[in-house]
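Student: Got a two-chain structure open here. Can we go through the contact between the chains, then the fold of one of them?

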Amino acid sequence: MLTYRSIQELVDAADAAHCTIGELTLRQQAEEMGQDEIMLLRQMDKNFAVMEEAITFGQRREQTSMSGLTGGEGWKMLEYSRRGEGVSGTFMSRAMSRALAVAGCNASMGKIVAAPTAGSCGILPACLVSLLEDRGADRDAVVMSMFTAGAFGMVIAQRASIAGAQGGCQAECGSAAGMAAAAMVEIMGGTPQQCADACAIAIVNQMGLVCDPVAGLVEIPCIKRNVAGVMTAFSSADMALAGIRPYIPADECVEAMREVGDALPVALKETAIGGLAGTPTGKALREKVFGKEQN
Amino acid sequence: MNVFDIIGPVMIGPSSSHTAGAVRLGRVVNKIMDGKQPEKVTITLSGSFARTYKGHGTDRAILAGILGYHSWDAEIRDALEIARERKLNYEFVCRDIPNAHPNTAAIHFLLPDGTEGEVVGASVGGGNIRVDEVNGLRVDFNGDCSTILVMHLDRPGVIADVTQLMRAKYPDANIANFRLSRKERGGESIMTIEIDGVATEGMAADLREVDNVINALLIKRV
């Protein structure tokens with residue numbers, strides 16, 4: 001019986017059953033929800049299809065957010081990736097474009113999959129679709145890895161938080177990066193322990209990130225922080241696959257993230273008061289969208 | 001919690017509380033109107049809803065819900081236009097409701113037959129909602145279960161009649177939550193009955209026949 005209260009528990013159970021964390025989670029969830037594994041796989045495949053559509057939606061040149069503050073980032077990055085290698089290579093610029101596209105799709109009232117939240121919805125799709133389209137990963141393996149991502153997310157949600165209002169951006173984009181890193185390690189053939197290591201490293205590298213949305217909208221800086229989450233997920237997955245250990249076990253990293261989240265001042269937890277939201281330009285942008293009476 | 005709470009829900013952005021939850025509040029009104037299209041709705045936005053609705057599309061989301069759309073329907077984005085096409089007269093008012101949750105909306109509706117009603121509810125985070133008031137009476141339900149609202153006169157024995165009928169005709173219906181509220185002694189009252197599993201449509205119709213019951217409505221999971 002899985003409680004999803006410990007990452008170590010996931011690793012041990014998968015090792016004992018000689019399967020991946022994704023397969024383990026699928027089996028257990030099917031049992032708990034009283035449904036066939038096939039049905040769950042089909043539902044997850046549908047969610048993946050929504051992610052793919054969100055990328056297409058957000059890579060259109062004319063994509064504009066509801067507030068008018070942002071738009072076209074996914075398209076710009078895609079064009080950039082077509083012009084040359086970029087600084088971090090075409091693979092990465094294409095991945096970045098996907099993250100920008102999904103986050104932009106969200107900001108323009110398009111359809112997305114909260115993964116784990118709407119604010120961090122670009123990270124998992126960008127990572128998974130990049131492995132599928134640009135690395136030749138198997139679609140079934142990608143869909144299976146979403147159960148892995150979900151399992152890590154459930155542990156983080158139960159032991160720390162996945163809400164920016166509770167734990168800051170680390171709880172949203174940090175959790176998403178950890179989930180995506182674990183999923184990618186599994187797709188690339190890593191062990192359950194390496195999945196846990198990748199998740200731990202990603203959480204460590206996003207720790208302390210505050211939630212300071214300008215005008216309280218899921219746009220500035222959220223859209224770009226999805227890209228940061230993708231970069232963290234890739235680097236963490238690579239480190240884990242290279243055999244680099246996090247030194248601090250994943251569960252303790254999650255606990256630390258919770259403590260850091262608790263210690264963050266309220267002004268930096270989705271209240272649109274501190275951080276970027278409180279800068280002169282942040283306030284001016286707020287006024288531009290909502291008018292003058294909104295301090 | 002299950003895996004689809006983390007890899008999901010599928011929703012129209014940008015915000016689970018200001019958009020997806022707002023659709024669900026609108027859907028409660030749609031159910032209370034029994035799926036009928038109102039002639040006019042007046043939507044009062046309070047707190048954070050009032051201050052940020054433009055950027056989050058909260059107005060479109062609530063209207064879409066009133067029109068019967070789900071939180072994952074692409075039509076939400078065009079809900080204002082759809083409402084105009086369907087000749088639904090709508091008005092948004094920004095006014096803080098005292099002591100209300102920061103994301104609260106009060107939705108007043110007028111049906112073509114002259115029936116009026118009002119629902120007050122809040123989007124409490126992650127797409128979850130809480131309905132606080134129906135037609136001026138306190139209620140408390142979240143739209144996750146099947147909920148039966150029984151509007152009735154405050155008379156001795158009405159609750160017993162209602163629950164006895166449920167027991168006799170629907171022995172499998174287990175009451176998960178029950179709440180009673182009244183305006184004044186002997187006056188208009190409302191029972192909020194949340195039921196495990198799926199409640200059948202016939203239940204509300206049967207309950208309407210109970211003495212002193214004015215109306216009964218089934219609100220399926222929104």
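Tutor: First a term: contact here means heavy atoms within 4.5 Å. Keep in mind also that the model is predicted.

Student: Fine. How many residues does each chain put into the contact?

Tutor: Chain A contributes 42 residues and chain B contributes 26 residues.

Student: And what area is buried between chain B and chain A?

Tutor: About 2,700 Å², with carbon and sulfur atoms giving 68% of it. On the chain B side, the residues that lose the most area to chain A are F4(B), I6(B) and I7(B), which together make up 26% of what that side buries.

Student: How many salt bridges between chain B and chain A?

Tutor: The count is zero. Polar contacts do turn up: nine residue pairs across the interface of chain B and chain A, both residues at pLDDT 80 or more.

Student: Which elements of chain B supply the residues that touch chain A?

Tutor: α1 (3-6), β1 (10-12), α2 (16-32) and α3 (48-56) of chain B each supply at least two residues. α3(B) gives the most, with five residues.

Student: What's the makeup of that side by class?

Tutor: The side of chain B that touches chain A has 12 nonpolar, 10 polar and four charged residues.

Student: β1(B) is on that list. What does it pair with in chain A, parallel or antiparallel?

Tutor: Its partner is strand β1 of chain A, residues 111-113, and the pairing is antiparallel over three bridges. Within it, M11(B) has I112(A) opposite.

Student: What holds paired strands together in general?

Tutor: Strands of a sheet pair through backbone hydrogen bonds.

Student: Changing topic. What is the strand order in the open sheet of chain B?

Tutor: The order is β9-β10-β8-β11, four strands with antiparallel pairing. β9 (175-182) and β11 (213-219) of chain B are the edge strands, each pairing on one side only. On average, neighbouring strands are turned by 15 degrees against each other, direction ignored.

Student: How many bridges between β9(B) and β10(B)?

Tutor: Seven, with β10(B) covering residues 188-195. One bridge to look at is L180(B), whose partner in β10(B) is M191(B).

Student: Which helices pack on the sheet or lie across its strands?

Tutor: Helix α6 of chain B, residues 158-169, packs on the sheet and touches β8 (146-153), β9, β10 and β11 of chain B. The direction of α6(B) makes about 30 degrees with that of β10(B). Helix α7 of chain B, residues 201-208, lies across β8, β10 and β11 of chain B.

Student: At what angle does α7(B) run to β11(B)?

Tutor: About 170 degrees.

Note on methods: Residues are numbered from 1 along each chain as its sequence is written. Chains are lettered from A and ligands numbered from 1 in the order in which they are written. This is a predicted model: local features need pLDDT of at least 70, side-chain atom pairs count only at pLDDT 80 or more; totals for chains, interfaces and linings use all residues. Side-chain values use heavy atoms; hydrogens and water are left out. Buried area is the accessible area (1.4 Å probe) that two parts lose on being put together, summed over both. A salt bridge is a side-chain nitrogen of Lys or Arg within 4 Å of a carboxyl oxygen of Asp or Glu. A polar contact is a pair of N or O atoms within 3.5 Å; within protein, one must be able to donate a hydrogen and the other to accept it, and residues adjacent in sequence count only if both atoms are side-chain atoms. Ala, Val, Leu, Ile, Met, Phe, Trp, Tyr, Cys and Pro count as nonpolar, Asp, Glu, Lys and Arg as charged, and the others, Gly among them, as polar. Two strands pair if DSSP finds at least two bridges between them. Axes are lines fitted to C-alpha atoms, for helices over the stretch in contact, and angles run from 0 to 180 degrees between N-to-C directions.
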